[in-house]
Amino acid sequence: MTYVVVENCIKCKYTDCVEVCPVDCFYEGENFLVINPDECIDCGVCEPECPAEAILPDTEDGIEKWLEINQKYSEVWPNITGKKEPMDGADDQNGKAGKEADLSEKPGAGD
């Protein structure tokens, strides 16, 4: 099992999860975070830290697409290991449906 960042992280990008990860397996895009499934040790400490509830175990139904997205972008985006401010308007974006179309492929700044 691994943990996966899903749609609700888009345009929020809270990094509370990053701060608690013991193996630094988060990677930063312009408006989204991903977890490298090959590096995740399945400890689960990140899941309850996410204010957007955007981290789920890969055992959840319908998560396959998001697992592929996490794998793909963790290979090209920079690693992030510390907490940053969420995106402007993150609280307004938290919980909005249909954000997948807004997922930017551009990398974030990383650390």
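Contact here means heavy atoms within 4.5 Å. Keep that in mind as you click around this predicted model, where local features need pLDDT of at least 70, side-chain atom pairs count only at pLDDT 80 or more, and totals for chains, interfaces and linings use all residues. Residues are numbered from 1 along each chain as its sequence is written, and side-chain values use heavy atoms, with hydrogens and water left out.

**Stop 1: Phe32 and the core**

Select Phe32 to begin. Setting aside residues up to four places away in sequence, Phe32 touches Val5, Val6, Cys9, Ile10, Lys13, Tyr27, Trp66, Ile69, Trp77 and Leu103.

Now widen the view to the largest nonpolar core, which has 32 residues. Such a core is a set of buried Ala, Val, Leu, Ile, Met, Phe, Trp, Tyr and Cys residues joined through side-chain atoms within 4.5 Å. Buried means under 20% relative accessible area, exposed means over 50%, and partly exposed lies in between (1.4 Å probe, protein chains only). Which members touch the most other members? They are Phe26, Phe32, Ile35, Ile55 and Trp66. Color by element next: β1, α1 (16-20), β2, β3 and α2 each give two or more residues to this core. Helices (H or I, at least four residues) and strands (E, at least two) are DSSP runs, numbered from the N terminus.

**Stop 2: helix α2**

Select residues 64-74, which make up α2. Trp66, Ile69, Asn70, Tyr73 and Ser74 are the ones to show as sticks, as they are buried. These residues are on the same side of α2 because they cover an arc of only 115° around the axis; the arc is that of the directions from the helix axis to the C-beta atoms. Turn to what they face: the buried residues of α2 pack against β1, β2 (26-28) and β3 (33-35).

**Stop 3: Thr2**

Go to Thr2, in the segment before β1 (3-5). Is Thr2 buried or exposed? Thr2 counts as buried because its relative accessibility is 4%. Leaving out residues up to four places away in sequence, Thr2 touches Pro37, Cys40, Asp42, Leu56, Pro57, Asp58 and Leu67. Draw a distance from Thr2 to Cys43 as well: their C-alpha atoms are separated by 8.6 Å, though they are 41 residues apart along the chain.

**Stop 4: two backbone oddities**

One of the contacts of Thr2 is Asp42, so select that residue next. Asp42 lies in the loop between β3 and β4 (55-57) and has a positive phi of about 60°, although it is not a glycine. Asp42 counts as partly exposed, at 30% relative accessibility.

Then try Asp24, in the loop between α1 and β2. Asp24 also is not a glycine, and its phi is positive, about 50°. At 32% relative accessibility, Asp24 counts as partly exposed.

**Stop 5: Lys13 and Gly108**

Lys13 sits in the loop between β1 and α1. Lys13 is buried, with a relative accessible area of 9%. Beyond its neighbours within four places in sequence, Lys13 is in contact with Glu28, Gly29, Glu30, Asn31, Phe32, Leu33, Pro86 and Met87.

Jump to Gly108, in the segment after α3 (90-93). Not counting residues up to four places away in sequence, Gly108 touches Glu28, Gly29, Glu30 and Pro78. How far apart are Gly108 and Asn31 in space? They are 7.4 Å apart, C-alpha to C-alpha, and 77 residues apart in sequence.

**Stop 6: the cavities**

Rolling a probe the size of a water molecule over the atoms shows where empty space is left. On a 1 Å grid over the protein atoms alone, a cavity is a set of points where a 1.4 Å probe fits but cannot get out, and lining residues have an atom within 4 Å of a point. Grid points are joined across faces, edges and corners, and a volume is the space filled by probe spheres set on the points. By this rule, there are two cavities of 30 Å³ or more.

- The largest has a volume of about 60 Å³, and its lining includes Tyr3, Phe26, Asp42 and Gly44.
- The second largest has a volume of about 50 Å³, with Lys13, Tyr14, Leu33 and Ile55 among its lining residues.

Terms used
On a 1 Å grid over the protein atoms alone, a cavity is a set of points where a 1.4 Å probe fits but cannot get out, and a pocket is an open set with protein on both sides within 12 Å along at least five of seven lines; lining residues have an atom within 4 Å of a point.
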